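Visitor: I am new to this structure and should be grateful for a close look at a single part of it. Please describe one helix with its surroundings, and then place it in the wider context.

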Amino acid sequence: MSGRLRTSGAGGVCALLAACSLPALAALGPRYGGDLRVGVARLPASTTPVVPADAAERLVGGLVHETLLHIDRDGLPAAGLAESWVPAAGGREWTLTLRADARFQDDAPITAEDAVRSLRRFLADRSAAAAHLADGLEVDGLAAPDTRHLVLRFVEPRALPLSPLASPAAALASRGGAGSGPFQPVLLIPGRRLALTAYPGHVRGRPYLDHVDVIQVPEPQGLSADLGARRIDVALGKTGPSSLAATLLLVLDASRPPFDRQDARAAVVSAVDRGDLVKQLLPGGDPAASLLVPALLAPLTEETALPTERAAGAITLVVARDVPPLVSQRVVAHLEAIGLRVVADPRDPGEARSAPAQARLLLFSPEIAEAGLVLEELAALARAPSEAGTALAAAAARELDINQRRTLLHRAEAVLRSDSVLVPLASVPVSSGVRPGVHGLSVDLSGRTLLEDAWLEP
Amino acid sequence: MLAALFGAAVLAAPAGPVADVSRPADAFAVATVRALPRSSFEIVHTTRAFPLVPAVTALALLEHDRLVLLSGDALVLYRWDAAGLVELVREPLPGPMSPVRSPAGLLLLVENESALWVLGNRSPGAVLYGLEGGALMKRLEAHAVPFPDAPQGLRYRSGTNLIEGPLPGLGDGPFVAATLDGLAVSRDGVLQAASSSAGEGPVEPMRVGTALATIGELAVVTSPMPPGEADRLMLVTWRETPPEILVSLPIEGAVRAVAARRRPKGVQVVAAVQHPELGAYLISYELARDP
C-alpha cells in the first residue's frame, strides 16, 4: 500500500494529532472569555452556506457553519461533523459516521438526513467542487441508512472522493437554517453588523471568545484607522497573521479580440515583471509563475522569462476590489507598456469572477484547498480550458497512487497555464491585522481567517 | 510493567544551581511585586523525566516517591525515584467526554493526604480516590469536588477551563486555578488570596499564569507572559503584602501544572511542562533554604 492514498479511518488519527498540536512556547495559555470586533470591507448579506467570493464571506461561513470534513495542510480529509469514514465496494462506496452528540445551534440533533438534504442543496449550486462530486456520484448516490451514517456511492473509485464535502457551501444546516459552527449569529443588520455568540456545542469545543462582532468598515483606510484607534480588534485584509493562500491571477478571454490570438496572450504573460511586483508591492508573496500556491503544489522548475512581445487594441480589465490598488495600477501600467489601451472596471470579488470582459484581475483563493479540486476550479474560471488540461485533471481524479497523481497534477497545471488564458502573477499572503493582545488567529490555505481558536490576553 | 519501564526516561542533572535567581525577574513582576531582595533558596538537585502522555493538566505529589498526573482522559500513577519514572496504574475518568479546546484538571489532596479528588473539564463528574499503600482506590463519584464553605463545590464551567465560583473569601470568579488553602488565579490572571486566610484582606495584585500550587506560606506560580515569551516558575510568599518572589526559574516550554511539598531542608517543586518539540516532560527542583 505504500504510496497509496490513505483515507479510511483518518478521523481518529486526526483527532489524536489535533489533541497533540500545541502553540509555540506559550507561557500564558488561552483564556476563555471576551469580545472581539472584526472590521471587514463588505459584510455578507446573509449567513447561509455559499461558495465564498471574498474574505468576509469566508470568515462568516467559517464562524457560523461546520462541514462534514475538512482538508488538512497535506490536502487530506480531516474530521469535522463526521468522525470517521470507511470505503467499501473497492472504493466505490464510502460510509461516513456522524458524531453521536453533534447538534445544530437551534438544538436539533445533526442526523444523516440533514447531511443528505444539505448535500443536495450543495450539488444543486454547481460550484466547481459540487460539479466534481456530482460527476462522480451514481444517480441517487446519497443515502442515509440510519441517523448516524451517510453513504456516498460513486461510479468508479476516485482519488480523495470525499474532499468536495469540505466546501463551505457543503456545510450542514438544520431544517430551520441553523448552522453548527463555533459561533451562533444573534443579530444581522445588513451592510452594518453581524453579532455572534459562542456556540458551546461546537464539535471541537466551545470557542474561547464569548462574542464576535463583524462590523462593516467600507473604506480600506477606515479599517487601518479603526484598528489603530482600537475601535476594532481585527481588520480583515490588513497586515498581520497570514498564509500564502491566494493567487494574483489575470484571466484573459480567449474568445474575443485581442486575446483570441495566442501571441497577444503570450505578450501579456511576458509583460508583467512578477519579481518586481512582489518585491515592491506584495511583501511576503512568491513570484513563481504557478497557478497554485506553493503549499498546494510546489512549482517544479523555475520559469524562464520570455522576450517581451507587443499587443494592440483596447481592452476592459475587470479588477476585483480586493486586489490592492497599487498592484492593479502596476499591472495596468505593464499592459499599457506592450501597446494595450486599458480601461479598468472595479467590481466586487464575486462579480469580478464571472464578469464578461477581455481580462479580469483577481485574487483567487480556492473553494477547497486541495490541489486537484483547485485545478478544476481554475479550469472553470478559464471558461474554455484546453482539452488536454481537462483530460489530465480527469486522469488525476482517477489516479489513486499519490505520487502518480501529483505528477499528473503538475502536468495539468502546466497545460492549463500553457495556453496563457490563466496568467498567474504571484502567490499572495492573505492576512488580517490584529491589535496587540489578540492571539490564536490564523489563516488557512483557502484564505479563510479562523477565529475559533482566537483568545484575548487578560 | 516492562512496557512502562521502556516508556519512561529520566535525565538527571548534577546538583548545583541551574538558573540565575539573583537578578530581577520579569518586568511584570518588578512592577507589581516586591523586587527580588535576596535568594533564600538554592537549587540542590534537578531531575527531568518524560512520561508517555500527550499533555498534563494537573499533577500531585504523594508519599513513597509517587506522583499522579491527570492527562487527557486518564489519571496516571507513577513511581519516580532514582531508578526512573515508572507507570504503575492508569485510571480512566468517568465519561462521556466532551470536546474542549483547552483541557484542564484539578487534583486536590484531602483527608490528611490519604485521598485525592480528581476533576477534569472534559469529564462530567469528579472522582475521589483513596491512596492506600501507594495505590489508587476509587471511592466515589460526584458532580463537583467538595470545597470548604462553597456550597456548589468546585466544578468547571461547561466547555471551558474556568472554575465556577463563588469560593469563600475569593468572590464569584470564575477562576483558572484554586487551592484548598484559599489561593486562586482569576480569569484575568490575578493571584487572589482569600481575605480570611491572611486576615488582612487580599494580597496586592500580582499577575501570574495558570498553574498554581501552595505549600504553607509559599506558592508556586508561573509567568503571565503571552505566547512567544519564555515561561518561568516562581516560588513566592503569598501571605505577605505585597508577595515576594523568592525563586524565579526559566523553563524550556510552557508550564501546564505544578505541585510542591516540603522536604527536610526546603521544598521540592515539580512542574509538568509542554514543549513544542519534546512534548510533555516533568522537571523537579529540590530547593534548600539558605542557612
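**Helix α8 of chain A and its surroundings**

Guide: A suitable place to begin is Gly339(A), which lies just after α8(A) and takes a positive phi of about 110 degrees. The model is a predicted one, and every value that follows is computed from it.

Helix α8 of chain A covers residues 325–337. Its 13 residues should span 18 Å at 1.5 Å a residue, and the C-alpha atoms at its ends are indeed 18 Å apart, so expectation and model agree.

The helix has a buried side and an exposed side. Val327(A), Val331(A), His334(A) and Leu335(A) are its buried residues. When α8(A) is seen down its axis, these buried residues fall within an arc of 100 degrees and therefore line one face of the helix. A general rule is relevant here: an α-helix has 3.6 residues a turn, so residues three or four places apart point the same way. On the other side of α8(A), the exposed residues are Leu326(A), Ala333(A) and Glu336(A).

Several elements of chain A cover the buried residues of α8(A). Among them are the helices α6 (262–271) and α7 (274–281). The cover also includes the strands β12 (242–252), β14 (340–347), β15 (359–364) and β16 (422–434).

One loop residue deserves attention beside this helix. Leu282(A) belongs to the loop that runs between α7 and β13 (313–320) of chain A. With 21 other C-beta atoms within 10 Å, Leu282(A) counts as buried, because 20 or more are required. Residues up to four places away in sequence aside, Leu282(A) touches Val327(A), one of the buried residues of α8(A). Leu282(A) also touches Leu277(A), Ala426(A) and Val428(A). As for Leu326(A), Leu282(A) is 44 residues from it in sequence, while their C-alpha atoms are 9.7 Å apart in space.

Another helix of chain A may be read in the same manner. In α4(A), residues 128–136, the buried residues include Ala128(A), Ala129(A), Ala130(A), His132(A), Leu133(A) and Gly136(A). Among the elements of chain A that cover the buried residues of α4(A) are α3 (112–125), β6 (137–146), β7 (149–154) and α10 (371–382).

The wider context includes chain B. Contact between the chains involves 24 residues of chain A and 29 residues of chain B. The side of chain B that touches chain A consists of eleven nonpolar, 13 polar and five charged residues.

Chain B has three helices and 22 strands, and 45% of its 291 residues are buried. Of its contacts with a separation of 6 or more, 46% join residues 24 or more positions apart. The largest nonpolar core has 228 residues, and Val269(B) and Val258(B) are among those with the most contacts inside it. Val269(B) is in contact with Val258(B), and its other partners beyond four places in sequence include Val220(B), Leu233(B) and Tyr285(B). In general, nonpolar side chains tend to be buried together in soluble globular proteins.

The domain assignment divides chain B into domain 1 (21–43 + 166–261) and domain 2 (50–164). Here 14 residues of domain 1 of chain B are in contact with 18 residues of domain 2 of chain B. On the domain 1 side, β20(B) supplies the largest share, four residues. That side comprises ten nonpolar, one polar and three charged residues.

Conventions: Residues numbered from 1 in each chain as written. Chains lettered and ligands numbered in written order. Predicted model: local features only at pLDDT ≥ 70, side-chain atom pairs only at ≥ 80, totals over all residues. Core = buried A, V, L, I, M, F, W, Y, C linked by C-beta atoms within 7 Å. Buried ≥ 20, exposed ≤ 12 C-beta atoms within 10 Å, placed from the backbone. Contact = placed C-beta atoms within 7 Å. Helix = DSSP H or I, 4+ residues; strand = E, 2+ residues; numbered from the N terminus. Expected span 1.5 Å × (residues − 1). Arc of directions from axis to C-beta. Domains from an automatic or database assignment. Nonpolar A, V, L, I, M, F, W, Y, C, P; charged D, E, K, R; others polar.
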